Amino acid sequence: MTVGAAERTISEEARDLIASARELVLELHEEGMAAVPAALAAETAAGGLESAPSSQAAVTAVPAASAAETAAGGVGPARRGEAHAESAAEPVLLAGQAEWGLDPSLEDVRAVIGDCTRCRLHEGRTHIVFGDGNPDADLMFVGEGPGENEDRRGLPFVGRAGELLTQMIEKGLGLQRSDVYICNVVKCRPPGNRTPLADEVATCSRFLDGQIAAVQPRVIVTLGKPAASLLLGRDVAITKVRGTWHDYHGIPLMPTFHPAYLLRQYTVENRRRVWDDLKAALARAQESSGTAQ
Ligand code: URA
């Protein structure tokens with residue numbers, strides 16, 4: 001081996017080692033390992049040796065238990081996720097057990113929501129952000145909750161994270177955004193884009209169930225930790241569950257990173273991970289609809 005080749009190998013190994021160490025710190029923090037200092041997790045989340053957006057500096061202010069979670073699954077440094085330790089979902093109702101009957105339409109579910117005041121999130125909202133897309137979609141994407149743009153326009157994923165999601169769907173998967181169905185765990189914007197609290201998620205989750213029952217997608221893709229935790233019924237570490245198949249009442253479920261996380265951590269590895277997850281989701285949906293190529 002030449003000296004140059006050896007040097008390259010060593011530097012490649014060092015890069016891999018740093019990437020694994022960073023993931024490990026994030027995972028430990030996600031699981032509430034207090035021994036990992038918040039600053040280290042935040043620094044790791046901010047990209048470590050990779051160039052990080054300057055806004056990531058704000059993550060150091062996030063409490064230890066939520067720093068990595070905010071980085072890996074939440075939608076912005078302002079989101080604290082203080083509720084996630086307890087936000088593992090309660091068992092949720094599927095169609096037939098809820099007020100819209102056995103075979104609801106999206107309109108039925110929307111009608112039950114009405115001008116909702118069931119939780120405190122209604123106080124600051126401009127619009128209820130119900131969902132968008134094909135009512136018969138094979139692929140359904142579930143995010144966390146509306147942000148400012150979504151609240152203003154009444155549509156999910158229409159801000160920066162939404163642009164990236166739309167690009168991934170259209171340029172990446174070769175679909176139209178209108179081919180898939182997109183919605184969120186909570187339908188009203190949490191103040192300051194914070195993570196929805198456990199009681200807000202519990203109040204709103206039956207509407208997501210109604211949407212799933214109405215659309216009956218072949219595959220659900222959850223975006224970020226809150227959606228994965230809700231539909232898997234436990235508090236998950238998104239870095240652990242992403243890219244692995246799960247089941248939600250018989251529907252294959254693929255958790256992946258939230259596009260807002262991807263925007264903050266726009267590394268080749270993360271893009272490849274999300275891309276792999278989305279390709280797997282599409283392939284499975286096509287397989288089950290008999291349209292696989
Ligand atoms: N983030 C979400 O989780 N949902 C949206 O609709 C927009 C941003």
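This section describes the strand pairing, the helix packing and the ligand surroundings of a predicted model.

The strands are organised in an open sheet of six members, arranged in the order β1-β3-β2-β4-β6-β5, and the pairing within this sheet is mixed. Its edges are formed by β1 (132-133) and β5, each of which pairs on one side only. Both senses of pairing are found at β6. Strand β6 (residues 251-256) is joined to strand β4 (residues 219-223) by four bridges in the parallel sense, whereas three bridges connect β6 to strand β5 (residues 246-248) in an antiparallel arrangement.

Individual bridge partners can be assigned for both pairings. Between β4 and β6, V221 stands opposite M254, and L223 has T256 of β6 as its bridge partner. On the side of β5, D247 is partnered by P252 of β6. Strands β5 and β6 make up a hairpin with two residues between the strands, and H249 in this hairpin adopts a positive phi near 45°.

A helix is also placed against the sheet. Helix α11 (residues 268-289) lies across β2 (139-143), β4 and β6, and its direction is at about 170° to that of β6.

The packing of a pair of helices is described by the angle between their axes and by the distance between those axes. For helix α4 (residues 106-113) and helix α7 (residues 198-215), the angle is about 165° and the axes are 8 Å apart. Angles over 145 degrees count as roughly antiparallel, and α4 and α7 are therefore roughly antiparallel to each other. The crossing of these two helices is right-handed. Helix α4 contributes L106, V109 and I113 to the contact, while α7 contributes F207, G210, Q211 and A214. By residue class, the contact of α4 with α7 comprises five nonpolar and two polar residues, with no charged residue.

The ligand is surrounded by 13 residues, of which G143, E144, E150, P156 and F157 are the closest. The shell around the ligand is of mixed character, with five nonpolar, six polar and two charged residues. Charged residues are thus present in the ligand shell, in contrast to the contact between α4 and α7, where there are none.

Conventions
Residues numbered from 1 in each chain as written. Predicted model: local features only at pLDDT ≥ 70, side-chain atom pairs only at ≥ 80, totals over all residues. Near = placed C-beta within 6 Å. Nonpolar A, V, L, I, M, F, W, Y, C, P; charged D, E, K, R; others polar. Pairing = 2+ DSSP bridges. Axes fitted to C-alpha atoms, helices over the stretch in contact; angles between N-to-C directions. Parallel < 35°, antiparallel > 145°, perpendicular 65-115°, else oblique. Left-handed = near helix turned anticlockwise from the far one by under 90°. Contact = placed C-beta atoms within 7 Å.
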